[in-house]
Amino acid sequence: MAHDHSHATGSRRRLAAVFTIVAVIFVFQVIGSIWTGSLALLVDTGHNAVDLIGIGIALFAATLVQKPPKGQKTWGFRRAEVLAAGAQATLLLGLGIYSLIEGIRRFLAPPEVPGPELMIFGAVGLIGNIVSIGLLASSKEDSLNLKAAFLEVIADALGSLAVVLAALSIWLFDWSRADAVAALFIAVLIVPRAFSILRETGSILLEVAPRELDLAGVRAHIEGVDHVQGVHDLHVTRIDSNLPVLTAHVVLSDECFYDGHAPRILGSLQACLAEHFEIAIEHSTFQFDRASDAAQESHTHN
């Protein structure tokens, strides 16, 4: 637990540093959007605003997650990071849809945008995003919250790169539609990513088992343990992106309850789930049923 606490503290510090960088970029790009009138820079600024809100939520959620379980909150605030990621994705989806609509409109009627000034603001955003990527790269798989924040700054960097390329096209080739094309490119980056994060958060909130876990394999391993006669009411859910939980009723031979086999079987099942599968299930709860009693149960399901 001390290792987990130290790791979480480091993640919060990285998020705080990224939050500061994104805040500086956002202020700088707001000035640039007003100055240049660029849609691509405006969309990138809006994207940064969503990121600023999202990373702020992520930072708050990362702090909540560390609070111990108390009272009715038996899992504490472990699911806060899932809600935070869902909020980020919802904001991104709205921004992406706006970008598509406005990008098409400006492509058909492109306004004048100053290339050199746009280049400066795009380059500053790109440099800041590259620094943020470096800060989050080592911890992006620690939680869905951090993964969402990392993907945010990746998309921001690509958006800033699109702004820089648009500025070059306007400056060197006088192609005024480059601004709208860059805005559409940023929108295409945003929308699928928002749907991806929403799908993942939705699956956790709906208590869907992790895709990487072979449930048939889990059942087969449990049933393959000596003296196990069957498994029913097998459920695997996730409290957050890194905490799978399994519960199951396991039917044992009647003699296991009298000859001391049951505790050894419990240890074997828990060790198997924690070590054998690609996703380690360290929180598992088993109810042992006698074969003679299980045959009379009418409310079970597979």
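Strand β2, helix α8 and strand β3 together make a right-handed β-α-β unit in this predicted model. If you want to trace it yourself, β2 covers residues 244-252, α8 takes up residues 261-275, and β3 covers residues 283-290. The two strands run parallel, and eight bridges join them. For a handy landmark on that pairing, look at Val-245, which stands opposite His-283 in β3. While you have the strands on screen, keep one rule of thumb in mind: in a regular strand, side chains alternate between the two faces of the sheet.

Now for the cysteines. How many disulfides are there? The count comes to zero. A disulfide is a covalent bond between the sulfur atoms of two cysteines, and the cut-off used here is 2.5 Å between those sulfurs. Take Cys-256: the closest cysteine sulfur to its own belongs to Cys-272 and sits 17 Å away, so the two are too far apart for a bond. Looking from the other end, Cys-272 is in no disulfide either, with the sulfur of Cys-256 as its nearest cysteine sulfur. As for its surroundings, Cys-256 has a relative accessibility of just 1%, so it counts as buried.

Next, a pair of backbone oddities. Most residues other than glycine have a negative phi. Two residues here go the other way. His-227 has a positive phi, near 80°, although it isn't a glycine. You'll find His-227 in the loop between α7 (215-223) and β1 (228-238). Is His-227 buried, exposed or partly exposed? Its relative accessibility is 31%, so it counts as partly exposed.

The other one is Asp-233, again not a glycine, with a positive phi near 50°. Where His-227 is in a loop, Asp-233 is found in strand β1 itself. Asp-233 has a relative accessibility of 11%, and because the cut-off for buried is under 20%, it counts as buried.

One last stop takes you back along the chain to helix α6, which spans residues 178-205 and holds Thr-201. Thr-201 has a relative accessible area of 4%, so this residue is buried too. What does the side chain of Thr-201 reach? It reaches the backbone oxygen of Leu-198, at 3.0 Å. That falls inside the 3.5 Å limit for a polar contact.

Conventions. Residues are numbered from 1 along each chain as its sequence is written. This is a predicted model: local features need pLDDT of at least 70, side-chain atom pairs count only at pLDDT 80 or more; totals for chains, interfaces and linings use all residues. Side-chain values use heavy atoms; hydrogens and water are left out. Helices (H or I, at least four residues) and strands (E, at least two) are DSSP runs, numbered from the N terminus. Buried means under 20% relative accessible area, exposed over 50%, partly exposed in between (1.4 Å probe, protein chains only). A polar contact is a pair of N or O atoms within 3.5 Å; within protein, one must be able to donate a hydrogen and the other to accept it, and residues adjacent in sequence count only if both atoms are side-chain atoms. Two strands pair if DSSP finds at least two bridges between them. A crossover is right-handed if, with the strands pointing away from the viewer, the path from the first strand over the helix to the second runs clockwise.
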